[in-house]
Amino acid sequence: MKVRNIISASAVVYMTIAGFPALAADLPKWTRVSISDDAATTMTVTWNTTGNVGGEVQYGFNTQYGLDKQAPAAVQTAFGWAHSVVLTDLEPSRTYHYKVGSAADGWSKDFTFVTAPAGQCTPFDFVGLGDGRALSSGASPEWPNVFAQAYNEGAGFMLYGGDWVYDGGQASQWNDFLDKSVEHLPLVPLMGVLGNHDDGPGEGDGAHFNQIFAFPRNNPDNVEDYHSFDYGAVHVVGISTESFKGSSYASQAAWLDADLAANDRIWTVVMFHRPLYSSGSHGSDDGGAAAAMLPLFDKYHVDIVIGGHDHDYERFKPMKGGSEVSSYEQGTLYIVSGGAGAATDPIFPLRPKLPTSAKTDNKNHYVLFSVDGPKMHVKAVRVPGGLQGGTGVIEEFDLSKTVSPDPCLAPPDAGTPDAGTPDAGTPDAGADDTGMAQDAGIPDTGSDPSDVSNPSDTSHDAEPDAGTPADAGEPDAGFSDSGSDATDPSDASDPSDASDAGTDTAFADATTPDDTGKTDAAGETDAETGDDATVVKPDAGPHAADAAKPAGDRAWLGGADDDEPPTGADSEGGCSCAQMRL
């Protein structure tokens, strides 16, 4: 017995000296990041320990860290003690290294996260997905595979549309979800809402869901169930179809009305679990939210609404007021995305579809949204694995909207005239003047009779020519600005025009909002920052191959039915559309 105690004590001493945590250490587990405030300058880091121990976050631009922030007092939950720290004063679009824990109880390994870009004009991606629950308990065995493939897209954040576990009232099922998500939860904010399988055992902070995640509490109920946040050019709203519904969602609808009225972002995306439109097994408006939400979606022109609940993929034609409209710029894009691992509907391809249904699929998938100012590329991607897995792209398409004023365009040239220098009485250097003390409106009698008709009089006579004021306020010869380059035909032949802060409409880039230093289709380099409207150049972004396709392969989505006949072998019953553009 004494020998055994000596060996154990020696092991503890050795591990402590070697830098390992002691055997009794309470190591952090289930580290995760989320957005609870300004996504460009803050990040919320949360983790759990078995006991009530202290903790902190060490963070910085490399593994030397250099910064640290102490965690507030831990909160006891059904999952042990929860620690949550909001890191502030971060730099936008920066990768930070971090670790959590303490010297006394041990540290997590090194993780990284990336802050959101400042402003609305830096391109970024986000992912929408949902319904990763298992058939009987916890998270689906397919969920880690879906999460990993979606993470590899490099998204700034992900939106989860509910049904994280089979029974949210059972803490052990959330343990299973956390264990299956542990590899990527520390690296990317996984934001989301409750599904009908996730609620319980109470509401608000009493629910297990709310004891795990740290989402914004910017609503009158001071809960995380419904919330909103901004990320670059996108305003994101999460609505709960499972809690705080009150009388016909009145409280959430009133909050949403005020939230959308204050929104200044180019794009608005709303996510909730039970879809307003669906051809799946649950059908449309299973949660009864349409009466409260649809009028607000139309009033503020919400661009994209993502639902789940039905285990399939379905996109609808542009909708407004319950009816199809001509384009997504006029109406809302409704998507059902319920393929994050839950058993997909095997007979969904045979079910009758709503008249406004545009595209369907019944394989595991996620949806990737690539945002570039007022342009967005949408791609629904299958995930392989198991009986419900698939490969390739379900569909991909482009969205574009007109924004006035467009925050990603340089302000137009105000047409400010050159300060000019009035004639100071210095005679012309040439032989045009006859030596008269002043022109007094008399034409020059020298060898340049054109001088009287030259309004700029660049040789500076002793006095201004008759009828021609001094050149103060006169625009540059040959580069006349009238407030915008679009009205100056001479400017179209001189794209460099470095002195003009306007917009060269003849040399603009249909796919790149900032074409500074880029080469256009005519082989010329534009020194300006503008948005080219007439010359399409190869896209420097993540979809360059698509930008180079003929116009016929890049049609914008309108109101037409996009369910084309199959064009090639596809075991899923659709077309082979990895490269298809609608």
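Here is a friendly conversation about a predicted model, told in questions and answers.

Biologist: Where should I begin, and how many helices and strands does the chain have?

Modeller: This is a predicted model, where local features need pLDDT of at least 70, side-chain atom pairs count only at pLDDT 80 or more, and totals for chains, interfaces and linings use all residues. Residues are numbered from 1 along each chain as its sequence is written, and side-chain values use heavy atoms, with hydrogens and water left out. Helices (H or I, at least four residues) and strands (E, at least two) are DSSP runs, numbered from the N terminus. On that basis the chain has seven helices and 24 strands.

Biologist: What share of the 582 residues counts as buried?

Modeller: Buried means under 20% relative accessible area, exposed over 50%, and partly exposed in between, with a 1.4 Å probe and protein chains only. For the 582 residues of this chain, the buried share is 50%.

Biologist: Is Thr31 buried or exposed?

Modeller: Thr31 sits in strand E1, residues 29-34. Contact means heavy atoms within 4.5 Å, and beyond its neighbours within four places in sequence, Thr31 touches residues including Trp47, Tyr98, Phe111 and Leu185. The relative accessible area of Thr31 is 4%, so Thr31 is buried.

Biologist: Which strands are the edges of the six-stranded open sheet?

Modeller: Two strands pair if DSSP finds at least two bridges between them. The order in this open sheet is E12-E11-E10-E22-E23-E24, with mixed pairing. Strands that pair on one side only are the edges, here E12 (190-192) and E24 (393-400).

Biologist: Which residue in E23 is the bridge partner of Ser370?

Modeller: Strand E22 (residues 365-372) and strand E23 (residues 375-382) are paired in the antiparallel sense over eight bridges. Within E23, the bridge partner of Ser370 is His377.

Biologist: How are helices H5 and H6 oriented to each other?

Modeller: Axes are lines fitted to C-alpha atoms, for helices over the stretch in contact, and angles run from 0 to 180 degrees between N-to-C directions. The axes of H5 (residues 250-261) and H6 (residues 290-299) come within 10 Å and cross at roughly 5 degrees. Angles under 35 degrees count as roughly parallel, over 145 as roughly antiparallel, 65 to 115 as roughly perpendicular and the rest as oblique. H5 is therefore, relative to H6, roughly parallel.

Biologist: And what orientation do H2 and H3 have?

Modeller: The axes of H2 (residues 143-151) and H3 (residues 171-181) come within 9 Å and cross at roughly 40 degrees. Trp143, Pro144 and Phe147 of H2 meet Phe177, Lys180 and Ser181 of H3. The crossing angle therefore makes the two helices, H2 and H3, oblique.

Biologist: Which residue follows Gly200 across a cis peptide bond?

Modeller: Most residues other than glycine have a negative phi, and most peptide bonds are trans. The cis bond after Gly200 has an omega of about 5 degrees. The residue on its far side lies in the loop between E12 and helix H4 (208-212), and that residue is Pro201.

Biologist: What is the relative accessibility of Asp131?

Modeller: Asp131 is in the loop between strand E10 (124-129) and H2. Although Asp131 is not a glycine, its phi is positive, about 60 degrees. Asp131 counts as buried, and its relative accessibility is 0%.
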